[in-house]
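Q: Here's a structure I'd like to get to know properly. Please pick out one part for a close look, walk me through it residue by residue, and then tell me what you can about the rest.

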Amino acid sequence: MRRFTNINADDILETLRMIHDENLDVRTVTMGISLLDCADPDEKAACCKLYEKIVRHAENLVPVCERISTEYGIPIVNKRVAVTPVAMLLGCAPAADPVAYARALERAADTVGINFIGGYSALVHKGFSPGDVRLLNAIPQALSVTDKVCSSVNIGTTKSGINMDAVAMMGEIILDTARRTADRNCIGAAKLVVFCNAPEDNPFMAGAFHGAGEPDVVINIGVSGPGAVRSALQNNAKSLDLSGVAEVVKRTAFKITRMGQLVGEVAGKALGVPFGIVDLSLAPTPAVGDSIAEVLEAMGLESVGAYGTTAALALLNDAVKKGGVMASGTVGGLSGAFIPVSEDAGMSRAADKGVLTLEKLEAMTAVCSVGLDMIIVPGDTPAEVLSAMIADEAAIGMINAKTTAVRVIPAIGKKAGERLSFGGLLGEGPVMKVNTVSPKEFIKRGGRIPAPIQALKN
Amino acid sequence: MNAVITVIGADKVGILARISTLCADNSVNIEEVTQTILRGMFAMIMLVTLPEGITIESLAGKLTEAGKALGVNVSVTRQEIYDVTHKI
């Protein structure tokens with residue numbers, strides 16, 4: 001192959017192949033916007049202020065991203081906004097209806113043309129303020145009367161332990177949210193994430209919110225690329241041992257992340273907003289070939305869910321970070337491999353076959369981000385079982401000083417083995433079997449699981 | 001602005017001539033050209049410089065049209081996307 005003065009033709013064709021044949025894209029450009037200056041005791045005034053601020057900063061987000069996409073030839077799939085946890089605004093407005101804030105966020109999202117807005121959130125890992133409690137209680141209604149608003153609740157951290165009162169509440173809230181949206185495939189629950197160690201700069205929905213330590217406005221980037229990694233493994237790693245496999249993943253992750261870094265820098269400059277971070281997470285989609293499960297299978301597993309899955313995922317996650325961190329000056333967010341079930345055709349297929357179980361998924365979450373994600377469970381799963389599921393995930397996150405999360409969708413009226421389909425990026429999947437041996441008395445105790453010894457680092 | 005034009009499809013007479021003419025008509029300077037066979041398909045890559053006032057978007061529209069007439073896929077993107085993915 002002839003080498004150009006400035007550029008190598010092989011490199012150009014490889015980049016084109018990654019984009020056009022292997023679904024490589026920038027998954028999201030997420031603008032974080034602080035709403036701290038929008039707090040007001042008057043509900044209407046607060047909602048006006050937050051609407052105006054979001055629209056003022058994000059009105060050019062979609063056109064700028066579309067122009068970048070055209071100029072650089074890389075698809076930017078989602079344009080989104082993450083805001084300050086709304087519970088922080090409710091503190092000074094004791095008479096306000098929290099659902100009005102969700103409606104205002106929805107209006108702002110409609111005006112600027114984004115597909116999701118995150119931050120209908122509360123951080124309650126050590127306890128509740130009155131605003132937090134009001135927000136939590138409003139989540140089911142807020143998610144049922146809006147389409148674009150996403151909600152997240154942080155119930156634990158390594159530094160503070162786990163707020164088991166919040167854990168108990170979240171089981172009920174998830175069920176209530178699913179019930180209220182039962183006529184829409186229980187979609188409300190797909191827009192609700194329960195976190196331990198939630199990052200404040202995560203660009204991915206449904207868990208994105210704009211942390212209190214962030215700048216006033218910031219641009220964060222989430223990349224994609226499972227298809228590109230799988231293809232690199234199939235084409236270049238067939239005869240390699242696992243250290244060679246890790247090297248191939250690292251090299252591919254480097255290229256993927258560099259594109260994200262470029263898009264972030266260009267978007268920030270065009271919008272007059274500082275560029276925050278690139279989230280290195282490999283985000284799958286239901287598209288054929290764009291699957292984390294298929295990456296693991298390309299390493300030699302008959303199916304994801306087999307013994308060896310956790311080890312393969314650990315290798316993948318670590319190699320993605322090592323390749324990605326070199327490619328970006330400022331890495332942040334979740335930065336791991338996502339293992340959602342409904343959003344990943346390979347994971348969904350393995351769950352269908354019964355090869356991939358909830359127990360195996362839980363083990364996998366110990367070595368990657370983000371947690372039990374987009375998992376459909378029977379509609380009659382008791383709230384305390386959901387709460388206990390959250391507690392187990394939070395414990396894994398707390399002890400290992402990493403983010404974990406639970407986004408499960410109780411399929412109201414459906415039993416294990418039936419299916420639920422959301423369409424689009426949220427995908428579809430089987431209702432998975434849940435162990436319902438009762439944790440009721442444990443969950444009823446409430447209180448806090450104290451911060452672990454790992455928290456005492458000073 | 002530096003950009004890269006790629007043409008991928010079945011080889012036929014006149015591809016280079018058509019794309020080059022289109023570039024000339026739009027004052028787009030061709031710096032380098034290479035051609036190769038990619039998985040049995042013809043692939044041509046041109047490194048070009050766009051003058052002030054010509055945007056990638058406007059050029060892309062014309063190239064896509066020309067590509068359709070020739071039965072090949074033509075794309076144009078800024079050069080930086082290739083630089084960042086392959087240069088440290």
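A: N23(A) sits in the loop that runs between α1 (9-20) and β1 (26-33) of chain A. Keep in mind that this is a predicted model. The phi angle of N23(A) is near 60°, a positive value in a residue that isn't glycine. As for cover, N23(A) has 25% relative accessibility, so it counts as partly exposed; the buried class is for residues under 20%.

Chain B has a residue to put beside that one. S27(B) is also not a glycine, and its phi is positive too, near 60°. S27(B) belongs to the loop between α1 (15-25) and β2 (29-38) of chain B.

Now for the close look: the loop between β6 and β7 of chain A. A206(A) is placed in this loop, and the peptide bond joining M205(A) and A206(A) is cis, with omega about 15°. G207(A) has its place in the loop between β6 and β7 as well. With a relative accessible area of 3%, G207(A) is buried. What does G207(A) touch once its neighbours within four places in sequence are left aside? The list is S152(A), V193(A), F195(A) and N202(A). There's also a long-range relationship to look at: V406(A) is 199 residues away from G207(A) along the chain, yet their C-alpha atoms are separated by 10 Å.

F204(A) is part of this picture too. Over all chains, the count of aromatic pairs comes to 1. The partners are F204(A) and F338(A): their ring centres are 4.8 Å apart and their planes meet at 85°, so the pair is edge-to-face. The reasoning takes two cut-offs: centres have to lie within 6.5 Å for rings to pair, and planes over 60 degrees apart count as edge-to-face. Where do the two rings come from? F204(A) lies in the loop between β6 (192-196) and β7 (217-223), while F338(A) lies in the loop between β9 (331-332) and α13 (345-353), so the pair ties together parts of chain A that are 134 residues apart in sequence. Both partners are tucked away: F204(A) counts as buried at 5% relative accessibility, and F338(A) is buried with a relative accessible area of 9%.

Back to chain B, this time as a whole. Chain B holds 3 helices and 4 strands, and along the sequence they come in the order β-α-β-β-α-β-α. Its radius of gyration is 13 Å, which agrees with the value near 12 Å for a compact globule of 88 residues. Along the principal axes, the C-alpha atoms of chain B fill a box of roughly 35 × 30 × 20 Å. Buried residues account for 47% of the 88 residues in chain B. Take the contacts in chain B between residues at least 6 apart in sequence: 65% of them join residues at least 24 apart.

On the outside, chain B has an accessible surface of about 4300 Å², with 53% of it belonging to carbon and sulfur atoms. And the charges? Chain B carries 7 positive and 9 negative side chains, with the centres of the two sets 8 Å apart.

Terms used:
Residues numbered from 1 in each chain as written. Chains lettered and ligands numbered in written order. Predicted model: local features only at pLDDT ≥ 70, side-chain atom pairs only at ≥ 80, totals over all residues. Heavy atoms only, no water. Helix = DSSP H or I, 4+ residues; strand = E, 2+ residues; numbered from the N terminus. Rg over C-alpha atoms; globule rule 2.2 N^0.38 Å. Buried < 20%, exposed > 50% of the residue type's maximum accessible area, 1.4 Å probe, protein only. Contact = heavy atoms within 4.5 Å. Areas by Shrake-Rupley, 256 points an atom, 1.4 Å probe, with all protein chains shown as cover. Lys, Arg positive; Asp, Glu negative; His and termini not counted. Charge placed at Lys NZ, Arg CZ, Asp CG, Glu CD. Phe/Tyr/Trp six-rings, centres within 6.5 Å; stacked < 30°, edge-to-face > 60°.
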